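Welcome! Let's walk through this chain together, one question at a time.

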Amino acid sequence: MKQLRIGTLAGIFAVSAVLCWSGSRLWDQLGTLPAVPLLAPVVLTLIAAVLLATAVSLRSRLRAQRERRPVSKPVEPMMAARAVVFGQASALVAALIGGVYGGVGLFVVTSHLADVPARRDQALYAALSVVAAVALMAVAVWLERICRLPEDEESGPEGAAA
């Protein structure tokens, strides 16, 4: 399984932000603008909390297993692989969603629509969504680093084990 690159996440975030900012400009010319839902930052935060709980649990179980504690519960490889895949998928979606809401929020703030109370709320929800998306990406990358195999750390740049 390939490791998720931070540059890939940043690229997805930037491209989706630019596309949504320009799309918001076009959409505003039609007289309406899509709303940022209140639940967007809540859902992203909940997914980040689930990933954080999984990462903390796996980290403590792997540490106990490395230290050969007698009461340690072993980590099943498939469970760790599923957690990593869930984390990678969540990080990619968070980069896309964070860019979308970042682009919309940036348009709302720069076009003086933030003077309208309803649009001020939309800008706030968009900013909270971006913060939650960045937190979700950070937790997903941390989870992936926790579940790395020891031979992955020792292998060369080609990925070939010695």
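**Cores, helices and surface**

The largest nonpolar core has 24 residues, and L9 and L143 are those with the most contacts inside it. Such a core is a set of buried Ala, Val, Leu, Ile, Met, Phe, Trp, Tyr and Cys residues joined through side-chain atoms within 4.5 Å. This is a predicted model, where local features need pLDDT of at least 70, side-chain atom pairs count only at pLDDT 80 or more, and totals for chains, interfaces and linings use all residues. Residues are numbered from 1 along each chain as its sequence is written, and side-chain values use heavy atoms, with hydrogens and water left out.

Q: Which element gives the largest share of the largest nonpolar core?
A: The elements that give two or more residues to this core are α2, α3 (77-110) and α4 (117-146). Helices here are DSSP runs (H or I, at least four residues; strands are E, at least two), numbered from the N terminus. The largest share, nine residues, comes from α4.

Q: Which residues does L9 touch, leaving out those up to four places away in sequence?
A: L9 is one of the two residues with the most contacts inside the largest core. Contact means heavy atoms within 4.5 Å. With residues up to four places away not counted, L9 touches L4, A91, L92, A95, M137 and V141.

Q: How many helices does the chain have?
A: Read along the sequence, the pattern is α-α-α-α-α. There are zero strands, and the number of helices is five.

Q: What percentage of the contacts between residues at least 6 apart in sequence join residues at least 24 apart?
A: One pair far apart in sequence is A14, in helix α1 (residues 6-29), and G99: they are 85 residues apart in sequence and 6.2 Å apart in space, C-alpha to C-alpha. For the chain, among contacts between residues at least 6 apart, the share joining residues at least 24 apart is 83%.

Q: Against which elements do the buried residues of α2 pack?
A: Buried means under 20% relative accessible area, exposed over 50%, and partly exposed in between (1.4 Å probe, protein chains only). The buried residues of α2 include L44, A48, L51, A55 and L58. An α-helix has 3.6 residues a turn, so residues three or four places apart point the same way. The buried residues of α2 pack against α3 and α4.

Q: What span does α2 reach from its first C-alpha to its last?
A: α2 has 28 residues. The expected span of a helix is 1.5 Å times one less than its number of residues. For α2 the expected value is 40 Å, and the span it reaches is close to that, at 40 Å.

Q: Which residues make the nonpolar surface patch of about 370 Å²?
A: Patches are made of residues with over 30% relative accessible area and no salt bridge; like charges are joined within 9 Å, nonpolar side chains (Val, Leu, Ile, Met, Phe, Trp, Tyr) within 5 Å. V42, found in helix α2 (residues 39-66), is partly exposed at 41% relative accessible area. The patch is made by L39, V42, V43 and L46.

Q: Which two residues meet in a salt bridge?
A: A salt bridge is a side-chain nitrogen of Lys or Arg within 4 Å of a carboxyl oxygen of Asp or Glu, and the count comes to one. One partner is buried at 6% relative accessibility, while the other is partly exposed at 29%. At 3.3 Å, N to O, the side chains that meet are those of E144 and R145.

Definitions and conventions. Areas by Shrake-Rupley, 256 points an atom, 1.4 Å probe, with all protein chains shown as cover.
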